[in-house]
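Please look at the sequence and the three-dimensional structure below before reading on. The report may be easier to follow with both of them in view.

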Amino acid sequence: MRCAVRAILAVSVLTLAGCSGTGGADDGSRPPKHASWWQPRPGLAWQWQLDSEVDPSVDVPVYDIDGFENSAADVARLHRDGRKVICYVNVGAWEDFRPDRKTFPGSVLGEENGWEGERWLDIRQIDVLRPIMERRFDMCRDKGFDAVEPDLVEGYGDDTGFPLTARDQLRYNRVIAEIAHERGLAVGLKNDLPQIPQLLSDFDFAVNEECAEFDECDLLSPFIAAGKAVFHVEYAEPTSSFCAETRRLRLSSMQKKLELGVWRKPC
């Protein structure tokens with residue numbers, strides 16, 4: 001399995017006041033204001049497992065697992081244990097190991113992205129990609145997932161083989177959020193720190209890799225200030241170097257190994 005390619009972009013620091021308090025031990029549901037889908041709040045513990053068969057024994061209220069590799073029965077089992085379940089789906093790159101790989105025309109396939117069997121997508125071709133992503137999100141809904149984690153939504157900062165702009169990315173990311181919400185699914189913004197101010201109202205939570213290593217965690221404060229969870233991992237940094245700060249910011253932080261197996265070391 002794989003985790004996201006992280007685009008490192010120079011951004012100005014945006015600081016908003018966070019909220020005080022700690023998250024509860026429940027599933028994070030709260031009465032929706034303008035939505036019928038799950039709205040995870042800050043402080044929720046989580047497990048992120050994309051490698052190997054899902055292990056349901058981790059005592060956390062939120063699981064983030066691969067949408068293709070797990071069945072409706074896997075999701076139902078987690079639900080029976082009181083967990084909310086997030087569906088990992090790659091929306092920014094083609095993967096040659098997915099069952100729908102032949103539905104992507106060659107015109108949308110760009111450069112390799114550094115992960116075996118993957119190539120960047122031309123996200124400007126929304127008319128082509130939207131029905132493919134709709135079918136993927138239908139799968140998440142039909143298997144009973146509560147939310148989606150769309151991966152690789154910051155290709156405009158990488159060498160994709162296409163002249164993608166920040167505007168292209170904003171348009172595509174909003175389409176992705178719309179597709180999720182049309183199916184009653186919450187949706188998380190994966191990385192893409194520079195566009196948080198523009199996308200905050202479109203997304204229900206954030207998923208972040210390595211903000212502590214790159215001294216960027218303050219940039220996620222708008223999500224916390226809006227009452228939206230930030231699910232955060234570090235790979236190289238030990239918990240002793242980031243947990244005090246991410247607790248202050250109210251991020252849901254843990255250390256994981258890069259392959260995103262069962263092992264986790266939470267804050």
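The following report goes from the whole protein to its sheets, then to one helix, one strand and a few loop residues.

**Basis of the report**

This is a predicted model, in which local features need pLDDT of at least 70 and side-chain atom pairs count only at pLDDT 80 or more, while totals for chains, interfaces and linings use all residues. Residues are numbered from 1 along each chain as its sequence is written, and side-chain values use heavy atoms, with hydrogens and water left out.

**The whole protein**

The protein has six helices and twelve strands, where helices (H or I, at least four residues) and strands (E, at least two) are DSSP runs numbered from the N terminus. Of its 267 residues, 55% are buried; here buried means under 20% relative accessible area, exposed means over 50%, and partly exposed lies in between, with a 1.4 Å probe and protein chains only. The accessible surface comes to about 11,300 Å², and 48% of that belongs to carbon and sulfur atoms; such areas come from the Shrake-Rupley method with a 1.4 Å probe, and for residues only the protein chains shown count as cover. If one takes the contacts (heavy atoms within 4.5 Å) between residues at least 6 apart in sequence, 61% of them join residues at least 24 apart.

**Two sheets**

Strands of a sheet pair through backbone hydrogen bonds, either parallel or antiparallel. In this report two strands pair if DSSP finds at least two bridges between them. Nine strands form an open sheet with mixed pairing, in the order β1-β2-β3-β7-β8-β9-β10-β11-β12. Its edge strands, β1 (46-49) and β12 (265-266), each pair on one side only. An open sheet of three strands has antiparallel pairing and the order β4-β6-β5. In that sheet β4 and β5 (109-112) stand at the edges with a single partner strand each, so one side of each is left without a neighbour in the sheet.

The table lists some of the strand pairs.

| Strand pair | Sense | Bridges | One pair of opposite residues |
|---|---|---|---|
| β2 and β3 | parallel | five | Y63 and V85 |
| β8 and β9 | parallel | three | L189 and A206 |
| β9 and β10 | parallel | four | N208 and H232 |
| β5 and β6 | antiparallel | two | E112 and R119 |

**Helix α2**

Helix α2 has 17 residues and spans 23 Å from its first C-alpha to its last, close to the 24 Å expected at 1.5 Å a residue, the expected span being 1.5 Å times one less than the number of residues. Which residues of α2 are buried? They are I126, L129, I132, M133, R136, F137, M139 and C140. These residues lie on the same side of α2, because they cover an arc of only 145° around the axis, an arc taken from the directions from the helix axis to the C-beta atoms. An α-helix has 3.6 residues a turn, so residues three or four places apart point the same way. What covers the buried residues of α2 includes β3, β4 (93-95), β6 (118-121), β7 and α3 (166-182). The face turned away from the buried side carries the exposed residues D127 and D142. Just after α2, G144 takes a positive phi of about 95°.

**Strand β9 and the loops beside it**

Five of the five residues of strand β9 (residues 205-209) are buried, so this strand is largely enclosed by the rest of the structure. Both of its faces are covered, with F205, V207 and E209 buried on one side and A206 and N208 buried on the other.

In the loop between α4 and β9 one finds F203, which counts as buried at 2% relative accessibility. Although F203 and V187 are 16 residues apart along the chain, their C-alpha atoms are separated by 5.6 Å. Leaving aside residues up to four places away in sequence, F203 touches N173, A177, V187, G188, L189, F223 and K228.

Two aspartates deserve a look for their backbone angles. D192, in the loop between β8 and α4 (196-199), has a phi near 50°, a positive value in a residue other than glycine, and D192 is buried with a relative accessible area of 0%. D215, in the loop between β9 and α5 (221-225), also is not a glycine and has a positive phi of about 55°, but D215 counts as exposed at 72% relative accessibility.
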